[in-house]
Amino acid sequence: MSLETLWLTLLGLLLAGYFVLGGYDYGVQMLHPWLGSRGGAGEDRAGRNGALDAIAPFFLGNEVWLVAFTGVLFGAFPHLEGTLLSGLYPLIVAILVGLVLGNAAIQLRGRSGGARARRVWDALIVFGGAVPALCWGLVIGLLLHGVPRRADGSFHIGFGAVFSPFVLACGVTTALLFAAHGAGFVALRSGPQLAARASRVGARLLRGVAAVGALALLLTLFGAGASMTNRVTSAVVAALFTAALAGAWWSFAHKHRVRAFAATCCATALPVLLVGAGHYPYLLISSAGTGLDIGHAVTDGATLKILSGFGVLVVPVILAYQSWSWWAFRGRTGRRHPSYF
Amino acid sequence: MSAADLARLQFAATTGIHWLFVILTMGLVPLVAIMHTRAAFTRDPVKRAVRERMTRFWGQLYVINYAVGIVTGLVMEFQFGLSWSGLSKFAGNVFGAPLALETLIAFFAESTFLGMWIFGWGRLRRGVHVTLIWLVALTAYVSAYWIMIANGFMQHPVGYEVRDGAAYLTDFGALLSNSSALVALVHVALAALTTGGVFVAGVSAYHFLRRTTETELFRGSLRLGLWVATVTSFFVVVVGEMQRPVIERTQPMKDAVLRNSGVAEAQARLVREHGPGDYVPWQDTVRISMDVMTIIGNTVSTITLIAVVLLWKDWLLRRRLALYVLVAMVPFPFIASVGGWVVREVGRQPWLVYGQLTVEDAFSGVSTTEVAVSCAVFVAVFVALAVTNWTLITRFARRGPDATQLGATEPLPAQPPAGLAPRTPAPLPHATASLSAPSSPLSSVTES
């Protein structure tokens with residue numbers, strides 16, 4: 001494998017890691033008022049929310065996967081970074097505003113004075129989960145479908161491109177998938193009552209994912225959806241995605257919480273693989289087989305070598321301390337967990 | 001206003017506000033780490049309880065500020081690609097590397113370790129817990145290093161060559177030892193510590209003015225804050241002056257503006273070198289900012305020195321006027337730091353990469369409507385965050401250690417039936433003490 005492919009793999013790993021980890025954060029953010037509401041399962045009178053407690057110790061460590069993705073995108077693929085982010089301007093701005101408000105709300109909710117202030121923070125938490133989840137799905141849809149690149153390589157998405165049926169279907173699928181994934185995480189980490197409820201919600205959401213995802217697939221089959229460069233690879237990844245969804249649904253129904261969460265993890269990571277492997281060697285297509293390829297997106301060889309020297313040392317360290325933090329805060333929430341958020 | 005001007009305003013406003021959070025984060029975290037270490041190494045249980053409360057009180061204020069710091073920092077990582085894609089086209093091969101390394105080496109670790117520190121009270125072993133806050137402090141400064149390397153390249157590009165209109169990295173060592181970055185980094189780090197020290201001293205003084213009963217806690221905080229502020233504010237002025245020769249060598253126009261002489265000659269020289277254009281930054285803005293920074297720097301340095309002398313035999317604590325002065329001093333390091341930022345960033349206009357790429361040429365060509373909308377939204381959100389941040393910090397600072405939520409353990413009743421039992425208020429003030437008491441369910445975790 002060449003050095004540039006290796007860096008593309010790392011870039012994909014960081015984005016997939018962000019989808020898996022950030023994905024359940026957004027899912028829990030979207031669901032928390034309902035999962036932790038008056039039913040008594042999640043929220044108590046001081047406003048502690050069982051669903052938010054589940055993600056709390058991991059939240060700060062999850063969000064930085066996106067930051068690392070952006071950093072590597074700029075460092076290793078600067079010619080993709082400028083084009084991609086400025087081309088997707090309105091969507092990226094929406095994602096950022098959602099992230100800023102949602103992240104701040106999660107961290108400051110517990111500092112608020114009364115129930116009214118908490119309701120405002122709660123609304124922001126939901127907004128900050130739903131908007132990034134939906135918009136990342138739209139971005140995935142656009143990348144699968146292709147963007148209208150101009151002669152100089154730049155592009156600019158307009159209203160029509162975003163609000164096409166296929167792109168919208170991808171957006172809704174992703175939002176529902178993140179929500180189901182979040183439910184899976186709550187089911188994994190919470191006490192029995194809340195966990196049972198989260199499992200039911202997760203199974204129901206997965207049916208929605210399947211329905212809207214099938215629409216996206218149909219549109220593709222009729223030529224109005226994704227235009228993939230590598231068709232066989234894409235079909236395999238899509239089949240794996242379907243299998244992961246089915247596995248998650250079955251596991252939710254049979255109360256296998258670890259398996260259900262593992263399956264939703266696969267399902268949230270696979271769209272990244274679909275975009276990467278389905279279009280390789282292209283990173284940004286205008287239609288199947290044309291667009292910006294890896295050779296034109298990657299940074300200069302000398303820079304890449306220097307980055308690789310650091311990467312060999314730093315990436316294993318990152319994985320080690322992230323795993324440590326998951327291990328340190330393992331187990332269900334409750335007695336031994338200091339709350340803060 | 002053109003689209004490029006709006007994008008400029010968006011960048012300046014978001015960076016400027018983000019900077020105000022950063023400087024307090026960087027200034028507070030070493031102090032919190034020192035407090036936590038002292039607490040961990042104290043044998044006497046009563047003293048240790050006081051020092052742990054002290055750590056949690058200041059840690060709480062630090063964590064509130066960090067929350068808005070990290071979310072605004074997230075936006076910063078995207079800003080270059082959003083509005084200034086010309087930068088990645090021209091300098092992506094060089095400029096991208098330090099940003100990538102900043103995220104991988106520093107930002108990632110800082111956030112993960114802070115998450116563990118926040119939730120590690122009573123759950124992690126004491127030594128591990130203290131190590132975490134030091135790792136957070138270390139990575140915060142490593143982060144600053146890489147950001148200043150990236151910024152230093154924009155101020156004074158080194159270690160590269162231009163082929164076919166794009167910059168290529170030729171000397172990584174030169175990039176990492178750019179004098180324009182390193183001297184500024186030391187200046188920024190000292191300024192942050194001054195800000196943190198003055199903040200801690202000011203809040204402590206406020207509590208003495210209100211005749212706090214937590215004298216031991218706030219006396220220790222006041223001493224630590226004042227000592228740090230006195231030493232660092234002396235050197236921040238010295239290192240600040242050390243930047244002048246670097247500016248003179250690398251940015252003749254900024255130097256001319258600051259000296260208020262030779263601006264016309266510098267303009268003529270730049271026109272000869274780079275073709276026709278206006279190469280003069282906003283002169284008055286730069287000069288006023290410089291004066292404000294200098295005056296505040298010297299004043300803070302003097303006041304803190306006098307206050308440190310008055311610490312002898314606790315004279316300071318009995319002089320209400322002196323305490324008022326310390327409280328009033330809290331905002332000034334922030335103002336000075338914004339002044340410094342203006343001198344550095346406005347003073348090098350119109351260049352994005354000095355002598356190579358102008359800000360105007362680097363603009364992405366996004367439509368005016370889009371930039372106007374995003375600029376309005378971002379400025380509104382950031383201002384709201386700043387107001388919220390300072391409101392919350394003020395609220396928690398005034399309430400004192402009793403209201404600290406960080407590291408407070410919930411009362412753990414044996415699952416009362418939902419909706420029946422009225423909730424008992426959390427025994428916040430005594431939470432830490434309970435950590436060391438053998439009867440606590442948490443202590444078994446701490447020791448295991």
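## Helix crossing in chain B

α1(B) and α6(B) are roughly perpendicular to each other, because angles of 65 to 115 degrees are counted in that class. In this predicted model, the axes of α1 (residues 3-40) and α6 (residues 179-209) of chain B cross at roughly 70° and come within 7 Å. On the α1(B) side, the contact is formed by Ile23(B), Leu24(B), Met26(B), Gly27(B), Leu28(B), Pro30(B) and Leu31(B). From α6(B) come Ala189(B), Ala191(B), Ala192(B), Leu193(B), Thr195(B), Gly196(B), Gly197(B), Phe199(B) and Val200(B). By class, the contact of α1(B) with α6(B) comprises 12 nonpolar residues, 4 polar residues and no charged ones.

## Helices α9 and α10 of chain B

Helix α10 of chain B, residues 283-310, contains 28 residues and should span 40 Å at 1.5 Å a residue; the distance of 41 Å between its end C-alpha atoms agrees with this. Its buried residues are Val286(B), Ser289(B), Met293(B), Ile296(B), Gly297(B), Val300(B), Ser301(B), Ile303(B), Thr304(B) and Ala307(B). The elements covering these buried residues of α10(B) include α6, α7 (215-250), α8 (252-259), α11 (320-329) and α12 (332-345) of chain B. Helix α6 of chain B thus appears both in the cover of α10(B) and in the crossing with α1(B).

Helix α9 of chain B, residues 263-274, has 12 residues. From first to last C-alpha, α9(B) reaches 16 Å, close to the 16 Å expected at 1.5 Å a residue. Gly275(B), just after α9(B), adopts a positive phi of about 85°.

## The interface between chains A and B

In the interface, 61 residues of chain A are in contact with 63 residues of chain B. On the chain A side, α2 (50-76), α3 (78-87), α4 (89-108) and α12 (301-328) each supply at least two residues. The most is given by α2(A), with 16 residues. By class, the side of chain A that touches chain B has 36 nonpolar, 17 polar and 8 charged residues.

One pairing of helices across the two chains is that of α4(A) with α2 of chain B (residues 45-83), whose axes lie 8 Å apart at an angle of about 170°. The two helices are therefore roughly antiparallel to each other. Residues Tyr89(A), Ile92(A), Leu96(A), Leu99(A), Val100(A), Asn103(A), Ala104(A), Gln107(A) and Leu108(A) of α4(A) take part in this contact. They meet Ala67(B), Val68(B), Val71(B), Thr72(B), Leu74(B), Val75(B), Phe78(B) and Leu82(B) of α2(B). The contact of α4(A) with α2(B) has 14 nonpolar and 3 polar residues, with no charged residues.

## Packing of α2, α3 and α12 in chain A

Two of the interface helices of chain A, α2(A) and α12(A), also pack against each other at an angle of about 170°, with their axes 13 Å apart. Their arrangement is therefore roughly antiparallel. Phe58(A), Gly61(A), Gly75(A) and Ala76(A) of α2(A) make the contact with Leu304(A), Leu307(A), Gln322(A) and Ser325(A) of α12(A). By class, this contact of α2(A) with α12(A) has 4 nonpolar, 4 polar and no charged residues.

For α3(A), 10 of the 10 residues are buried, so the helix is largely enclosed by the rest of the structure. The buried residues are Pro78(A), His79(A), Leu80(A), Glu81(A), Gly82(A), Thr83(A), Leu84(A), Leu85(A), Ser86(A) and Gly87(A).

## The hairpin and a loop of chain A

Strands β1 (residues 282-287) and β2 (residues 290-293) of chain A pair in the antiparallel sense over 4 bridges. Within this pairing, Leu284(A) stands opposite Leu292(A) of β2(A). The hairpin has 2 residues between the strands, and Gly289(A) takes a positive phi near 80°.

Asp293(A) is located in strand β2 of chain A. This residue counts as partly exposed, because 16 C-beta neighbours lie inside 10 Å. Not counting residues up to four places away in sequence, Asp293(A) touches Pro281(A), Tyr282(A) and Leu283(A). The C-alpha atom of Asp293(A) is separated by 39 Å from that of Ala105(A), 188 residues apart along the chain.

Ser164(A) is found in the loop between α6 (159-162) and α7 (165-189) of chain A. Ser164(A) is partly exposed, with 17 other C-beta atoms within 10 Å. A distance of 26 Å separates the C-alpha atoms of Ser164(A) and Gly12(A), which are 152 residues apart along the chain.

Key
Residues are numbered from 1 along each chain as its sequence is written. Chains are lettered from A and ligands numbered from 1 in the order in which they are written. This is a predicted model: local features need pLDDT of at least 70, side-chain atom pairs count only at pLDDT 80 or more; totals for chains, interfaces and linings use all residues. Two residues are in contact if their C-beta atoms, placed from the backbone, lie within 7 Å. Ala, Val, Leu, Ile, Met, Phe, Trp, Tyr, Cys and Pro count as nonpolar, Asp, Glu, Lys and Arg as charged, and the others, Gly among them, as polar. Axes are lines fitted to C-alpha atoms, for helices over the stretch in contact, and angles run from 0 to 180 degrees between N-to-C directions. Angles under 35 degrees count as roughly parallel, over 145 as roughly antiparallel, 65 to 115 as roughly perpendicular and the rest as oblique. The expected span of a helix is 1.5 Å times one less than its number of residues. Two strands pair if DSSP finds at least two bridges between them. A residue is buried if 20 or more other C-beta atoms lie within 10 Å of its own, exposed if 12 or fewer, and partly exposed in between; C-beta atoms are placed from the backbone.
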